[in-house]
Amino acid sequence: MFSDETLEPVEFKSSWRKERHVSDNETQTSDLQTDDVGCQSWHRNDLGIQTDDDSDKQLTLAKVSLADEENLARFLMSVEPMVVRYLNNNLKSRAFEDYDRGFGDEATSVTCIHTLTHADLNGELQDWCTHRASVGTWNLDRRTVKEDKPDTVIDSACCVMCLEFHPENPAWLAGGNFNGEVLVWDLSQEDDLLLATSSIGDDAHREPVARVHWLRDASSKKKRYNVVSIGGDGKILVWKVDQKKGKLKLIEGFVVMAQSLPRSMKVRGVRGDKEIGVTCLAFSHEDPDTFLVGSESGCIFRCSVHAKGSPAGSHIVSSVPLCSPVTFTFNPHHGPVHAVDCSRFHRHAFVSSGQDQCVRVYNMLQAQPVLIIEPGEGYVFSASWSPVNPTLLGAVTESGHLLLYNVGSGNMVPVQTVEASPGKLPAYCLQFNSKQTHLLATGDGGGNVRVFKLSKDLVSSTGREMDQLSSLISMGTE
């Protein structure tokens, strides 16, 4: 009924596709002709030159006639409208709006140029304050820097916990020690360098001094500075330098108390006037009356020098009245705060670091951070803003690394990771140089200070970083 049958294929040629014919051809160039010729110059001339001693001659400025001045003035007035027009056009130009300076490439380099250490103290640093202690200073502007020998050595009876140079007088150096004493040295003196001291008593700190800072005295017509100190006893003290008596006189003070903690951190049975240890301090660059303090509790407090909060408890003895300076409390770190620093480019931006291994960027107007960075390098002992690049942050870690971040890029991977400790010890402090902005220094647990040179791209700004920082800080406030 059914059977297999094979039919001839039927082919339909395409009406739109043309057939292609392919052929293969080969070609070979002729042999290349090459010649080798050696050449070496052998003529040589030596020439010496010496300038003449014209020290007796006086230089005179070229005399410019009144007619020349009038011609120059007319020329400047004629080109001024054109120059102003093109400058205004440049301000409105978007030609470099998407320009990326290439963070992370070889151009953003960090080079260690000095490793400074006091060789006489090597091997004497211990866990408790029973060893020799001293302060060493180096002048990096000198042609020859002895990296293992400071230019100036100041012996101390106990550990010096913090230092800060005077902002205008480079010879004055303020410090705070383990015993709670605040000191000011004058490095220009030949014999006794100690200029003034707070001594130890009721007005002094009862815990190690965590930070000292030179603060401009707004009530003084002269450019006089006072010294602000903080400590683990919760006190924030303002000292006046009395050179004649060699004393630091307490003129004002504050104390941070448990009543300023958020409700979730308050412990039942703990009095509200119980002091909270203060660990770090930063003043606003735009509002000298506003400052930030970090605490052992993990909280960061916004404070005011004009605040008249609750008075200190009766158990605190002081020659000046102490009250709470706190006006606002930020969302806390999980552990003590190690550093806070205010931005020079945005009045509401500040950065903090803490024992919870995080770097946080805050807006002073809101409690929650706008950015949290977790480097994964252990404790972050210090963090600071660059004084010239609005979006550049530096941080040092327990693993002994220096980390540089560009927070404006949105990429939370460091643009540079550098060893800040030759022995891979924890790096505890970090400081950008506000005068020589290409320099940055770090200090480690072995007593080593490393000075780094930053590349041009890290210390320059295109103007776009300001917009990036403003966008970051405004997150969550709209």
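Let's start with D273, which is found in the loop between β11 and β12, where β12 covers residues 278-283. Keep in mind as we go that this is a predicted model. Is D273 buried or exposed? Its relative accessibility is 16%, and since the cut-off for buried is under 20%, D273 counts as buried.

What does the side chain of D273 meet there? It makes a polar contact with the side chain of R271, at 2.6 Å. That pair is also a salt bridge, with 2.6 Å from N to O. Setting aside neighbours within four places in sequence, D273 is in contact with M257, G313 and H315. If you have the structure open, try finding those residues on your screen.

Now, how many salt bridges does the structure hold? There are six of them. Let me show you E164 and R211, whose closest N and O atoms are 2.7 Å apart. E164 sits in strand β4, residues 160-165, while R211 sits in strand β8, residues 209-216, so this salt bridge ties together parts that are 47 residues apart in sequence. As for their surroundings, E164 is buried, at 18% relative accessibility, whereas R211 is partly exposed, at 26%.

Another salt bridge joins D202 and R206, and here the closest N and O atoms are 2.7 Å apart. D202 has a relative accessible area of 41%, which makes it partly exposed. R206 comes to 56% and is exposed.

Let's step back to the whole protein. Its secondary structure comes to two helices and 27 strands. Of its 478 residues, 40% count as buried. The accessible surface is about 30500 Å², and carbon and sulfur atoms make up 49% of that. Then there is the question of who touches whom: among contacts with a separation of 6 or more, residues 24 or more positions apart account for 52%.

On to the inside. Here is a handy rule to remember: in soluble globular proteins, nonpolar side chains tend to be buried together. In our model, the largest nonpolar core has 23 residues. Which of them touch the most other members? Those are V184, W214, V227 and V241. Several strands feed this core with at least two residues each: β5 (172-177), β6 (182-186), β7 (194-197), β8, β9 (225-231), β10 (235-242) and β11 (247-255).

Take V241 and look around it. Leaving out residues up to four places away in sequence, V241 touches W172, V184, L195, A196, W214, V227, K247 and L248. There is also a second, separate core of 21 residues, which includes I236, I276, F291 and V305.

Last stop: helix α2, residues 464-473. Which of its residues are buried? They are E465, L469, L472 and I473. Looking down the axis of α2, these buried residues fall within an arc of 90 degrees, so they line one face of the helix. And what do they pack against? The partners are four strands: β18 (349-354), β19 (359-363), β20 (371-373) and β21 (380-385).

So that was our tour, from a loop to a helix. If you want to retrace it, begin again at D273 and its salt bridge with R271, then move to the core around V241, and finish at the buried residues of α2. Thanks for listening!

Terms used: Residues are numbered from 1 along each chain as its sequence is written. This is a predicted model: local features need pLDDT of at least 70, side-chain atom pairs count only at pLDDT 80 or more; totals for chains, interfaces and linings use all residues. Side-chain values use heavy atoms; hydrogens and water are left out. A salt bridge is a side-chain nitrogen of Lys or Arg within 4 Å of a carboxyl oxygen of Asp or Glu. Buried means under 20% relative accessible area, exposed over 50%, partly exposed in between (1.4 Å probe, protein chains only). Contact means heavy atoms within 4.5 Å. Accessible areas come from the Shrake-Rupley method with a 1.4 Å probe; for residues, only the protein chains shown count as cover. The arc is that of the directions from the helix axis to the C-beta atoms. A nonpolar core is a set of buried Ala, Val, Leu, Ile, Met, Phe, Trp, Tyr and Cys residues joined through side-chain atoms within 4.5 Å. A polar contact is a pair of N or O atoms within 3.5 Å; within protein, one must be able to donate a hydrogen and the other to accept it, and residues adjacent in sequence count only if both atoms are side-chain atoms.
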